[in-house]
Amino acid sequence: MNKLRNLLLILFLATTVNVFSQNKEDALKDAKTISKATLAYDFDTVLKYTLPKALEMMGGKEAAKEILTSTFEGMTSQGFKFEKHEVIGVSDVVKEQNQYRCVVESYGQMVMPGQRIKTKSYLVGIYNDEGKHWWFIEAKQLKNEAVADQLLPGFETALELKDDETEVEPIVD
């Protein structure tokens with residue numbers, strides 16, 4: 001009987017750890033998907049992984065797509081180009097306020113005429129139980145109490161929400 005109880009305990013722990021790990025792996029996979037979609041200007045995919053309340057604040061999915069398209073078209077016409085965008089890592093997944101959450105760190109490098117812009121930025125991932133994928137929102141948005149309250153009323157987290165870092169360097173021909 002003791003062996004059976006120990007076996008059940010081990011199976012329970014193994015399953016729990018596997019599910020927990022899977023969520024972190026899924027968060028990384030989904031973060032990489034949104035990163036690749038951004039580089040490809042695939043805004044339908046970007047918006048699929050965007051926190052729905054953020055889309056709502058932008059006037060809905062179609063309005064958000066129009067905003068992204070016109071913004072990127074305008075930047076491209078001025079010489080903007082992504083050189084790279086990659087996911088550096090994902091924090092441990094935590095369960096807070098009945099949500100699974102994590103922080104995604106990414107690195108982006110862009111060029112504009114005469115300058116290179118390097119950024120380290122952070123997203124908060126929130127697992128979407130219904131869609132079985134992660135939604136993301138810029139961590140800096142959740143650091144602003146008024147915006148956070150609109151996006152996720154009563155938002156509290158123990159996750160470390162770091163400030164984005166930006167470095168601009170001149171490109172000398």
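Biologist: Where does His133 lie?

Modeller: His133 sits in strand E5, which covers residues 133-138. Keep in mind that this is a predicted model.

Biologist: Is His133 buried or exposed?

Modeller: The cut-off for buried is under 20% relative accessible area. His133 has a relative accessible area of 9%, so His133 is buried.

Biologist: Which residues does His133 touch, not counting residues up to four places away in sequence?

Modeller: His133 touches Asp30, Lys48, Tyr49, Ile126, Tyr127 and Asn128.

Biologist: What other elements does the protein have? How many helices and strands are there?

Modeller: There are six helices and six strands. Read from the N terminus, the order is α-α-α-α-β-β-β-β-β-α-α-β.

Biologist: Now the interior. How should I read a nonpolar core?

Modeller: Start with the general idea. In soluble globular proteins, nonpolar side chains tend to be buried together. Now this case. The largest nonpolar core has 25 residues. Leu68, Phe72, Cys102, Val104, Trp134 and Phe136 have the most contacts inside it.

Biologist: Which elements supply at least two residues each of this core?

Modeller: The helices are H1 (2-39), H2 (43-48) and H4 (61-77). The strands are E1 (81-90), E3 (99-112), E4 (115-128) and E5. H1 gives the largest share of this core, with four residues.

Biologist: Take Phe136. What is Phe136 in contact with, leaving aside its neighbours within four places in sequence?

Modeller: The list includes Ala27, Asp30, Ala31 and Ile34. Tyr49, Thr50 and Leu51 are also among the contacts of Phe136. So are Val104, Leu123, Val124 and Gly125. Apart from the largest core lies another one, of 16 residues. Ile137, Leu151, Leu159 and Leu161 are among them.

Biologist: Why is E3 described as largely enclosed by the rest of the structure?

Modeller: Count its buried residues. In E3, 12 of the 14 residues are buried, so the strand is largely enclosed by the rest of the structure. Compare strand E6, residues 165-170. E6 is hardly covered, and zero of its six residues are buried.

Biologist: How many bridges join E1 to E3?

Modeller: Eight, and the two strands run antiparallel. Gly89 stands opposite Glu105 in E3. Strand E2, residues 94-96, is joined to E3 by three bridges, again antiparallel. There, Val94 has Arg101 in E3 as its bridge partner.

Biologist: What about E3 and E4, and E4 and E6?

Modeller: E3 and E4 are antiparallel over 12 bridges. Val104 stands opposite Leu123 in E4. E4 and E6 are antiparallel too, over six bridges. Thr119 faces Thr166 in E6.

Biologist: Which residue in the turn of the E2 and E3 hairpin has a positive phi?

Modeller: Gln97, with a phi of about 45 degrees. That hairpin has two residues between its strands. The hairpin of E3 and E4 also has two residues between the strands. There, Gly114 takes a positive phi near 80 degrees.

Biologist: Last, pockets. How do I read one?

Modeller: Rolling a probe the size of a water molecule over the atoms shows where empty space is left. In this model, the largest pocket has a volume of about 1,000 Å³.

Biologist: How many residues line the largest pocket, and which lie nearest its centre?

Modeller: The lining has 41 residues. Thr38, Leu68, Phe72, Leu123 and Glu138 lie nearest the centre. The lining divides into 26 nonpolar, 10 polar and five charged residues.

How values were computed
Residues numbered from 1 in each chain as written. Predicted model: local features only at pLDDT ≥ 70, side-chain atom pairs only at ≥ 80, totals over all residues. Heavy atoms only, no water. Buried < 20%, exposed > 50% of the residue type's maximum accessible area, 1.4 Å probe, protein only. Contact = heavy atoms within 4.5 Å. Core = buried A, V, L, I, M, F, W, Y, C linked by side-chain atoms within 4.5 Å. Pairing = 2+ DSSP bridges. 1 Å grid on protein atoms, 1.4 Å probe; cavity = no way out; pocket = protein on both sides within 12 Å on 5 of 7 lines; lining within 4 Å. Points joined across faces, edges and corners; volume = space filled by probe spheres on them. Nonpolar A, V, L, I, M, F, W, Y, C, P; charged D, E, K, R; others polar.
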